[in-house]
Amino acid sequence: MSPRKHVFVIAALATAALTACGSRGPRVAEAEPPEPTANARNAVILPAISYGKTTKGVQLTKADDACDVPASLNQAIQDQLLAPYEFAVPSPSANVTGAPTLRIEITDILANAGGLYGGPKIVQLHGVLDRPGAAPAQFTAQRQMFMYFGIPRSTCSMVGVVTYALGGDIAKWLQKPVDAAKLGEL
């Protein structure tokens, strides 16, 4: 092969390689759609989840909850929100004026230490959804766990599974809130 043909073959191979890589011209970046932001149509106001009273009238406090159920439940709800609600915001703001407000109260917790061997883990809730121009809708919810085959088998990991399930129940209920609904295992 002559040196001239050699150069021509190398140039042709280099051109083919550059074309295959897509580096023949300036690459135009595709514009990404803007990130959605919370507004009155796609957000629910979710103030801090509070401790309420049990059916026997005992006031629950943080001392009754070694696993921080309010934080776990809040995160579970936010993770599982479905349309029309994409955002859970902790307090009203100018962007979400007119959005519904969901107030949740923990009405019972049973989470004895000992993980798998400490008995059942139970969380009960009561929630009220206030919507502008509509009557409030309420729900009661309960989930429990007796056996847990995951790792770790701690009390709080079991309570976390329970609160995640409750978060899914609440997210689903928010799609079509029905007054006096019983969620979870009720």
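Which residue does a disulfide join to Cys67? Cys156 is the partner, with the two sulfurs 2.2 Å apart. Keep in mind that this is a predicted model. A few notes from going through it follow.

1. **The overall layout.** The chain has three helices and seven strands. Reading from the N terminus, the order is α-β-β-α-β-β-β-β-α-β, so to speak a helix at the start and a strand at the end.

2. **Burial and surface.** Of the 186 residues in the chain, 34% are buried. The chain exposes about 11400 Å², and carbon and sulfur atoms account for 60% of that area.

3. **Contacts along the sequence.** Take the contacts between residues at least 6 apart in sequence: 69% of them join residues at least 24 apart. The disulfide and the strand pairing below are the places I would look at alongside that number.

4. **The disulfide.** There is one disulfide in the structure, the Cys67 to Cys156 pair. It ties together distant parts of the chain, with the two positions 89 residues apart in numbering. Cys67 sits in the loop between strand 2 (50-51) and helix 2 (69-80), while Cys156 belongs to helix 3 (residues 155-175). The torsion about the S-S bond is about -85°, so this disulfide is left-handed.

5. **Its two ends.** Are the cysteines buried or exposed? Cys67 has a relative accessible area of 17%, which is under the 20% cut-off, so Cys67 counts as buried. Cys156 comes out at 36%, and that value falls between 20% and 50%, so Cys156 is partly exposed.

6. **Strands 5 and 6.** Strand 5 (residues 121-130) and strand 6 (residues 137-145) run antiparallel and are joined by nine bridges. One place to check the register is Gln124, whose bridge partner in strand 6 is Gln142. The hairpin these two strands form has six residues between the strands, and there Gly133 takes a positive phi near 80°.

7. **Strands 6 and 7.** On to the C-terminal element: strand 7 (residues 181-184) pairs with strand 6 in the parallel sense, over four bridges. Gln142 turns up again here, with Gly184 as its bridge partner in strand 7.

8. **Gln142 as a landmark.** Putting the last two points together, Gln142 has Gln124 as a bridge partner and Gly184 as another. Strand 6 thus pairs antiparallel with strand 5 and parallel with strand 7. If you want one residue from which to trace this part of the fold on screen, Gln142 is a handy choice.

How values were computed. Residues are numbered from 1 along each chain as its sequence is written. This is a predicted model: local features need pLDDT of at least 70, side-chain atom pairs count only at pLDDT 80 or more; totals for chains, interfaces and linings use all residues. Side-chain values use heavy atoms; hydrogens and water are left out. Buried means under 20% relative accessible area, exposed over 50%, partly exposed in between (1.4 Å probe, protein chains only). Contact means heavy atoms within 4.5 Å. Accessible areas come from the Shrake-Rupley method with a 1.4 Å probe; for residues, only the protein chains shown count as cover. A disulfide is a pair of cysteine sulfur atoms within 2.5 Å. Two strands pair if DSSP finds at least two bridges between them.
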